[in-house]
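Reader: I am new to this structure and would be grateful for a close look at a single part of it. Could you take me through one helix and its surroundings, with care over each step?

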Amino acid sequence: MLEVRNISLNYGREVLKDISLQLKQGEIISIVGKSGSGKTSLLKIMAGNLEPTSGDVWFGGVKVKGPITKLIPGHPEVCLVNQDFQLDKYHTTEENIKNPILYLPEKERNIFLEELIDLLELGSVRNQQAISLSGGEQQRLAIARVIAMEPKVILLDEPFSHLDGLLRKKLINYFLELRRIRKTSLVLVSHDGTEVLGLSDRIYSMKNGVITRKGNPHKFYYKPKSLEDARLFGPMNSIRVGDKRVFFRPDEFTLDPQDRHTTVDLKYLYSSFTGPVYENFFQTIHGELVVLFSFNSLENVTTIGVEHKN
Ligand code: ADP
């Protein structure tokens, strides 16, 4: 449905290099990379807000026009929430959400408004002008406004960065419902892979303007290609065993090692209770730090077997 074909962007140096990707209706994809890797530029190009140096973007067989060729760039079915927010600054929170849905009958409009105010927790600022909202409130309002527009594709730049844990989970559930009911597609951009693991059908990792890998979340988590990539998606233990280096996630171990496991002797340091799991910290004989996740504290553990998940 949305297709990026051989996009390059040059600002004196190449910021994006020959990027191609596809998004089907109802799909959720994520682009993950360190700050400066080119994610925001790519998302802007996908929305039609930034002209690429070469390549193009297609939506449903129609070319998405960039700002050079179109007065109001982009495509009405592709909406972007980025760090600029693009709110009507002097309108209130309520007005910002209501304006895109003025065509709805009043009763439905009000039900939709209340649903979005409730979802994004904007009740206490509903009559405040957008310009007076905090950064986090503006981001929540921008998300509410884009949902109200009901586009076929929503592009979200670091959507969860300002949201607390519970609100993040509520919003993720809402996006999954939107996908189920309306077949809305999402493109998420994040420097923190852990934020998008649970939501993505497919992930693209990006480095220095290049897509370095594409795959499902499980592959990115358990089968990273480098330690750098691995750490975009959470902690990864890296230890020396004999003359080999062994990598494993904090949940990839057994307390009952068999012959087939790599056995590791550990010195217990401390356990940290994080609510659902304990994070247990150990040291190897070479002084490397190891973290293991468990439901109970592992203070008596002295040996583990590394057990990779497939
Ligand atoms: P990310 O979203 O991954 O942090 P960006 O797309 O914002 O990456 O930026 C990618 C690179 O392009 C960065 O090195 C940034 O400094 C550069 N860049 C972005 N916009 C401009 C611009 N208008 N002029 C020159 N360089 C830019």
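Author: A term is needed before we begin: helices here are DSSP runs of H or I of at least four residues, numbered from the N terminus. With that numbering, and bearing in mind that the model is a predicted one, a suitable part to examine is helix α1, which covers residues 39–47, together with what lies on either side of it.

Of the 9 residues of α1, 7 are buried, so the helix is largely enclosed by the rest of the structure. The buried residues are K39, S41, L42, L43, I45, M46 and A47, where buried means under 20% relative accessible area. Just after α1 comes G48, which takes a positive phi of about 85°.

The ligand belongs to this picture as well, for K39, T40 and S41 are among the residues around it, along with K34, S35, G36, S37 and G38, and also Y11, R13 and V15. From α1, the side chain of S41, a buried residue, has an N or O atom 2.6 Å from an oxygen atom of the ligand. G36 has a backbone N or O atom that lies 2.6 Å from a ligand oxygen, while for R13 it is an N or O atom of the side chain that is found 2.7 Å from an oxygen atom of the ligand.

For a view of other helices, we can turn to α3, which spans residues 106–119, and α5, which spans residues 165–182; their axes come within 10 Å and cross at roughly 140°. That angle makes α3 oblique to α5. On the α3 side the contact is made by F112, E115, L116, D118 and L119, and on the α5 side by L167, K170, L171, Y174 and R182. Sorted by character, the residues of this contact are 6 nonpolar and 4 charged, with no polar ones.

L113 also has its place in α3, and because its relative accessible area is 1%, L113 counts as buried. Setting aside neighbours within four places in sequence, L113 is in contact with E94, I97, K98 and R126. L113 and I101 stand 12 residues apart in sequence, with 8.9 Å between their C-alpha atoms.

A last residue to set beside these is Q138, found in helix α4, residues 135–149. Q138 counts as buried because its relative accessibility is 18%, and, not counting residues up to four places away in sequence, Q138 touches F85, L87, A130, I131 and L133.

Terms used: Residues numbered from 1 in each chain as written. Predicted model: local features only at pLDDT ≥ 70, side-chain atom pairs only at ≥ 80, totals over all residues. Heavy atoms only, no water. Axes fitted to C-alpha atoms, helices over the stretch in contact; angles between N-to-C directions. Helix = DSSP H or I, 4+ residues; strand = E, 2+ residues; numbered from the N terminus. Parallel < 35°, antiparallel > 145°, perpendicular 65-115°, else oblique. Contact = heavy atoms within 4.5 Å. Nonpolar A, V, L, I, M, F, W, Y, C, P; charged D, E, K, R; others polar. Buried < 20%, exposed > 50% of the residue type's maximum accessible area, 1.4 Å probe, protein only. Near = heavy atom within 4 Å. Polar contact = N/O pair within 3.5 Å; in protein donor to acceptor, adjacent residues only side chain to side chain.
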